[in-house]
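Biologist: Before we look at any single residue, could you take me through the words used for this model and show me what stands behind each of them?

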Amino acid sequence: MEESERDKEEEEEIWSWGVGIDGKLGTTRLKDEQLPQLLLDLPSSFFFVGPISLLSCGGAHVLALTTDGKVVTWGRGTSGQLGHGDMVSIFKPKHVKLLESLVITHVSAGWSHSGFVSDIGCLLTCGDGSFSQLGHGDCNSHSSPLKVSYFDSKHVDQIACGMRHSLVLMKVSLGSLFFFPDMELLLFSLKLRRCFSSISFLHRRMRGRAFFSAVVVGTNFGVSPLRLI
């Protein structure tokens, strides 16, 4: 009896409000909501994969990460940013089956693209790539999460997607060893020319003094907080 009561107390709820265009509120309605709305029409598989550990809101879509490393998305999908292999908008949460074989540890929703990081440090992106924000060295868009091969030999820890750019926080390794707090911050930079593909390195090593703990991006910029040690 006590266990069932505890489980009931720990049940999670997701609330949303604001502009409802493209179904990004997950309420199955397209209307704007001035007050928080409880998402009642959630698929049973949504909670079957585990409790939610992280929510990320993009321009008009949402990514939800569970404690079991699964991903659920909803909202605008016209650029493929939902990761379901199509370019269709979804009005209620849907499990991303294309990431089923991976254990995802971090997600970020940009304006019209998405990023996913696995437990082994693999980075995948999908959605609008018009400004090279997906990191694949071109300006192509993808409706399915595609591995960023540039980081095959590196260990990505976090991803932060902005409007037309992305940043990753990376663990630096030497052989099979990971040196903490040494970390690299790499910036997928947006250039003035629409299809100019490049990756700019913003690399700051502060051995024994400080380390990056997270990365956050705005519309046209990115920042990372430091913690002194």
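Modeller: Let us begin with strands, which are DSSP runs of at least two residues, numbered from the N terminus. This is a predicted model, and in it Ser56 belongs to strand E3, which covers residues 52-57.

Biologist: Why is Ser56 called buried?

Modeller: The relative accessibility of Ser56 is 11%, and buried means under 20%, so Ser56 counts as buried.

Biologist: Which residues is Ser56 in contact with, leaving aside its neighbours within four places in sequence?

Modeller: With those neighbours left aside, Ser56 is in contact with His61, Val62, Leu63, Val107, Ser108 and Ala109. A polar atom of the Ser56 side chain lies 2.8 Å from the backbone nitrogen of Ala109, and a polar contact needs N or O atoms within 3.5 Å. The chain also brings together parts that are distant in sequence, as Ser56 and Gly110 are 54 residues apart along the chain while their C-alpha atoms are separated by 8.7 Å.

Biologist: What makes up the largest nonpolar core?

Modeller: That core has 12 residues in all, among them Leu63, Val107 and Ala109. Strand E4 (61-66), strand E7 (104-109) and strand E9 (123-127) each give two or more residues to this core, and E7 provides the largest share, with 3 residues. There is also a second, separate core of 9 residues, including Leu123 and Cys161. Ala109 is in contact with Cys161, as well as with Ser56, Cys57, Gly58, His61 and Leu63, when its neighbours within four places in sequence are left aside.

Biologist: Thr105 is in strand E7, so how do you know whether Thr105 is buried, partly exposed or exposed?

Modeller: Thr105 has a relative accessible area of 41%, and because this value lies between the limits of 20% and 50%, Thr105 is called partly exposed. The side chain of Thr105 has a polar atom 3.5 Å from the backbone oxygen of Ser118, and Thr105 is in contact with Leu65, Val117, Ser118 and Asp119, again leaving aside neighbours within four places in sequence.

Biologist: And what about Asp128, which is found in the loop between E9 and strand E10 (142-147): why is Asp128 called buried?

Modeller: Its relative accessible area is 14%, and the limit for buried is under 20%, so Asp128 is buried although its place is in a loop. The Asp128 side chain makes a polar contact of 3.4 Å with the side chain of Ser141.

Biologist: What makes the pair of Tyr150 and Phe151 edge-to-face?

Modeller: The count comes to 1 aromatic pair. In this pair, formed by Tyr150 and Phe151, the ring centres are 5.4 Å apart and the planes are at 85°; centres within 6.5 Å make a pair, and planes over 60 degrees apart count as edge-to-face. As for accessibility, Tyr150 is partly exposed at 44%, whereas Phe151 is buried at 4%.

Biologist: Which strand gives the most to the lining of the second largest pocket?

Modeller: E1 gives the most, with 3 residues, and strand E1 (15-18), E3 and E4 each supply at least two residues of that lining. The second largest pocket has a volume of about 260 Å³ and is lined by 15 residues, of which Ser16, Lys24, Leu25, Cys57 and Val62 lie nearest its centre.

Technical notes:
Residues are numbered from 1 along each chain as its sequence is written. This is a predicted model: local features need pLDDT of at least 70, side-chain atom pairs count only at pLDDT 80 or more; totals for chains, interfaces and linings use all residues. Side-chain values use heavy atoms; hydrogens and water are left out. Helices (H or I, at least four residues) and strands (E, at least two) are DSSP runs, numbered from the N terminus. Buried means under 20% relative accessible area, exposed over 50%, partly exposed in between (1.4 Å probe, protein chains only). Contact means heavy atoms within 4.5 Å. A polar contact is a pair of N or O atoms within 3.5 Å; within protein, one must be able to donate a hydrogen and the other to accept it, and residues adjacent in sequence count only if both atoms are side-chain atoms. Rings of Phe, Tyr and Trp (its six-membered ring) pair if their centres lie within 6.5 Å; planes under 30 degrees apart count as stacked, over 60 as edge-to-face and the rest as tilted. A nonpolar core is a set of buried Ala, Val, Leu, Ile, Met, Phe, Trp, Tyr and Cys residues joined through side-chain atoms within 4.5 Å. On a 1 Å grid over the protein atoms alone, a cavity is a set of points where a 1.4 Å probe fits but cannot get out, and a pocket is an open set with protein on both sides within 12 Å along at least five of seven lines; lining residues have an atom within 4 Å of a point. Grid points are joined across faces, edges and corners, and a volume is the space filled by probe spheres set on the points.
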